[in-house]
Amino acid sequence: MDTEELTEQETALYDRQIRVWGVDAQRRLSKANVLVSGLKGTVIEFCKNIVLAGIGSLTLIDDRLATEDLISANFLIPPDESVYGGKSLAELCGDSLKDFNPMVRVSVEKGELSSFGAEFYEKFDAVVVSCCSLTTKKSVNEKLRKLSKRVAFYTVDCRDSCGEIFVDLQSYTYSKKKLDETVECQMQYPSFEEATVIPWQALPRKVSKLYFAMRVVERFEMIEGRNPGETSVADLPSVLKLRKEICEAQSVNESFIPEALLGRLLAGTREFPPVCAIVGGILGQEVIKAISGKGDPIKNFFLFDAVNGKGIIEDISK
Amino acid sequence: MASEEQLYAIKGSKVLMVGAGGIGCELLKTLALSGFQDIHIIDMDTIEVSNLNRQFLFRQSHVGQSKAKVARDAVLKFRPHIKITPYHANVKDPDFNVDFFKQFNVVLNGLDNLDARRHVNRLCLAADVPLVESGTTGFLGQVTVHVKGKTECYECQPKPAPKSYPVCTITSTPSKFVHCIVWAKDLLFAKLFGDKNQANDLNVRSSDAAGSSEPADNVFERKTDEKIEQYGRRIFDHVFGYNIEVALSNEETWKNRNRPKPLYSRDVLSDELTQPNGDVEKGKTDDPASISAMTSLGLKNPQEIWSLKENSKVFLEALKLFFVKREKDIGNLSFDKDDQLAVEFVTAAANIRAASFGIPLHSLFEAKGIAGNIVHAVATTNAIIAGLIVIEAIKVLQWDASSYRMTYCLEHPSRKMLLMPVEPFEPNKSCYVCSETPLSLEINTHRSKLRDFVEKIVKAKLGMNLPLIMHGSALLYEAGDDLDEDMVANYAANLEKVLFELPSPVKSGTILTVEDLQQELICNINIKHREEFDEEKEPDGMLLSGWTQAIRPEKENANSVGNGESASDASQAVAVELEEGNEMVEVPAEIPAAKKRKLSDISVTRSSVTRIAETNSNKIVEELDEDDDDIVMLDDDGFSEIGKKRKSQ
């Protein structure tokens, strides 16, 4: 462990949070590098949270040009076309995030997630992807797993008033306080691929319906070649057909996945800012935990639905 | 996303936010993004550096400016067309009366102290406006909904009183570091630098115990021509040496305790008077914020635990700097966690006392947390809680009472949940705030003065701001600016009388009516005379009961958490609100307290948990066929334990 002290400026700025997670955790945070891709509401919330927390560096990827729709839940970009017109989401958000905390290095990378190689991903301690296809999710996850160093991987997606976070910390050791002593804990995580191929019958009985509904919609988008969130209520009949096929293959009754829930996920393509704040907040906390090696991390799915108000952790592993 | 009906309700609403701090910044942002068009926001605070790690609407360049105003400007940058009305003012100002509150569809609290929360609760009840209440500490948080007649009000369950310590523990027998901090802050610091007219237990000790020739007060006065170094050493020797010797002479006290060790400056420091690097010149204008004993002594790391010698140097140096550089402040200082020199002085004094009593020493960082009642705070929890507030606010705007929830944000999952919704409780029928239930007070009517009743009960316990006290039709006391001189004199005289000797005597069986015109709260108190009170257990010398004994007697620890900044200032001489669950402050005896707090923060009665499960399966249509909703009600170990504990009511 390095014994480098925090500067006076850092101590003053981070006073309240050092009282939560300690000086060691703060030091580790300030040396960590995080990559995010897919800059919509939830990820924006996440970026704000970890920049405030004093992460070492944050790299943004999102070449999409800003549009009114894309920035509907974005508080980093003024809704003025003469300001955002012709610029990418990553550029615009980067400029704004720099102001939040001058001690954090914020930078922008151009290109497709799938085009980057090992030497690029190796620079990071945590990678968060959103708004990308199932194929890209899986391929980034696999790439990270092949690196010589352990890089934490997260996906986050919000649909309607629901949100889902997936976490892969591979083989992870952390410390936690139990009564007066600190104990070491060990956890093994499956990849996204490994987790999602587990037969539904093999899962515990009470896994949240939202988990299954998200898998159906995700599969639908992949088959149809849609971008994530490019759905509407008009897709419901096709999705119900897909539900039937999947449920048959999994030997579960199709009423297992409520139609109303699927309908909401397909229709609600415009972001709901309170859910972005909640899910982006939970994700921020998770990344801070994983980097600092302190506190119980989520294993391995977090699901939130504003309709019932529950934020649930599901362990989808063998 | 929000449905059409939701958007309609949002767009037509007018909301009041109280607090533009940790939760407030997040809340204002989320409200604006969600489509709210007319938001009013009250906050009396100005921006400080330690806010910037989470109050993301503020920048370094805003330090010192009004939170409400800067927050407004920052949000208008990304939502220029909405209306935000800021008030840089205290929510308890008379301008914010019932009529002011009536203009809003819902009030959203992001406050950091019990006092203001109770005040807003009363105004919301009086104005019949729904209130969404919130609080966070570290990774924990909660959101509750209070709608008159439908759910419990914020005060239906008694709130934890500030932790207070018996006077003698502080003045003579400290056993924990926090006792030393309270002594250093509320007694020694107040004595040396505060209002000289205020009663202070420090002088009681130093005079009566010793029978010394000079009046105790003079000990703390700097004599004319006394060099500041001599004065500092004299104070040091008096409080850490002489006073301890005096205390030791009372053998009875130390029968079952470790005897403290008197400390004198000549033993701790060599005889040479401390000469810091660089002379301090009188009259040089410095920024008071940059005056620091640590700086002049070359101590850099606030996380480091100083030796006894270092603490002694800091003590003398800080004392000297106060007299040389901040002389005009002396006599009207009260401890402020943001006053560097004050924190240094209190840290050093507490540590020297701790050394004397064999208590482990602490760093300035830790001491500051304890002395300033600093509630630790992170951005993420505030963001989550703000999101939950907006979700509840939208339900309130649609009068969707069956789906109101109180939600707990947990650090460790309970029944797999990190965010746990619970159906709100019904109003407590014996709540003196929302149900006009009389209270009863046991008090010695022959010894307690009206002033004790006003300060310790009406203000401290009932949280009234501008009270009026009546006995039948006789007006005994009234507070306010618009009273004529005769009345003021009359009330002032009444305050000093014992209850039994008031113009209309108060005795066993008397019913007093206490009213706050601003809060529109009125309650009756049945008086019972009682001769004796236990000094340790009932330090107020009176016992208020009524709603406190209703329904959930053991929930003393639950339900109120601060939002970020300092918790409310403890006004009593020896009272301090302890910080909960602070991992950094390793005062052993505080850890169980922290645990208990966390547990009770998430506790809910079994029946309510069952209720929510039933409600969900009945009413949330799309989940009719789900079986995962019952997860809340089954008995997990931790949960049923809490359930049992609380079920006993």
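Let me start with F220(B), which sits in helix 9 of chain B, residues 216-220. Keep in mind throughout that this is a predicted model. Is F220(B) buried or partly exposed? The residue has 19 C-beta neighbours inside 10 Å, and 20 or more would be needed to call a residue buried, so F220(B) counts as partly exposed. Leaving aside residues up to four places away in sequence, F220(B) touches K191(B), L192(B) and I235(B). For a sense of distance, take E155(B), 65 residues from F220(B) along the chain: their C-alpha atoms are separated by 43 Å.

Staying in chain B, the next residue is C168(B). UniProt, in an unreviewed entry, lists C168(B) under "active site". You will find C168(B) in helix 6 of chain B, which covers residues 167-171. Here the count is 15 C-beta neighbours inside 10 Å, so C168(B) is also classed as partly exposed.

Now chain B as a whole. Chain B has 21 helices and 14 strands. Of its 649 residues, 47% are buried. If we take the contacts in chain B with a separation of 6 or more, 72% of them are between residues 24 or more positions apart.

One local arrangement in chain B is easy to trace on the screen. Strand 2, residues 38-42, and strand 3, residues 83-87, run parallel and are joined by 5 bridges. Within that pairing, I39(B) of chain B stands opposite I84(B) in strand 3. Add helix 3 of chain B to these two strands, and you have a right-handed β-α-β unit.

Next, the place where the two chains meet. How many residues of chain B are in contact with chain A? There are 58 on the chain B side, and they contact 57 residues of chain A. On the chain B side, the elements that give two or more residues are helix 2 (22-34), helix 3 (67-78), helix 16 (379-397), strand 7 (406-414) and strand 8 (417-422). Helix 16 of chain B gives the largest share, 9 residues. By class, this side of chain B has 28 nonpolar, 16 polar and 14 charged residues. Helix 3 is therefore a name you have now met twice: it belongs to the β-α-β unit, and it is on the list for the side that touches chain A.

The chains also share a strand pairing. Strand 8 of chain B pairs with strand 10 of chain A, residues 310-314, in the antiparallel sense over 2 bridges. Within strand 8 of chain B, M417(B) is the bridge partner of I312(A).

That brings us to chain A. UniProt, again in an unreviewed entry, lists residues 14-309 of chain A as "domain: THIF-type NAD/FAD binding fold". That span is 42% helix and 19% strand, and its end C-alpha atoms lie 31 Å apart.

There is also a division into two domains. Domain 1 of chain A takes in 8-193 + 271-314, and domain 2 takes in 197-267. Taken over C-alpha atoms, their centres are separated by 26 Å. The contact between them takes 16 residues from domain 1 of chain A and 13 residues from domain 2 of chain A. On the domain 1 side, the elements that give two or more residues are helix 7 (134-146), strand 5 (152-159), strand 6 (162-168), strand 9 (301-305) and strand 10 of chain A. Strand 9 of chain A provides the largest share, 3 residues. The residues on this side divide into 7 nonpolar, 2 polar and 7 charged.

Which residues of helix 11 of chain A, residues 259-267, are buried? They are L261(A), L262(A), R264(A), L265(A) and L266(A). What covers them includes strand 5, strand 6, helix 9 (209-224) and helix 10 (236-249) of chain A.

I will finish in helix 9 of chain A, with V216(A). V216(A) counts as buried because it has 21 C-beta neighbours inside 10 Å. Not counting residues up to four places away in sequence, V216(A) touches V239(A), L242(A), R243(A), I246(A), I257(A) and L262(A). L262(A) is one of the buried residues of helix 11. By contrast, L58(A) is 158 residues from V216(A) in sequence and 32 Å away in space, C-alpha to C-alpha.

Note on methods
Residues are numbered from 1 along each chain as its sequence is written. Chains are lettered from A and ligands numbered from 1 in the order in which they are written. This is a predicted model: local features need pLDDT of at least 70, side-chain atom pairs count only at pLDDT 80 or more; totals for chains, interfaces and linings use all residues. UniProt positions are given in the numbering used here, feature names are shortened, and annotations may be inferred rather than shown by experiment. Helices (H or I, at least four residues) and strands (E, at least two) are DSSP runs, numbered from the N terminus. A residue is buried if 20 or more other C-beta atoms lie within 10 Å of its own, exposed if 12 or fewer, and partly exposed in between; C-beta atoms are placed from the backbone. Two residues are in contact if their C-beta atoms, placed from the backbone, lie within 7 Å. Ala, Val, Leu, Ile, Met, Phe, Trp, Tyr, Cys and Pro count as nonpolar, Asp, Glu, Lys and Arg as charged, and the others, Gly among them, as polar. Two strands pair if DSSP finds at least two bridges between them. Domain bounds come from an automatic or database domain assignment. A crossover is right-handed if, with the strands pointing away from the viewer, the path from the first strand over the helix to the second runs clockwise.
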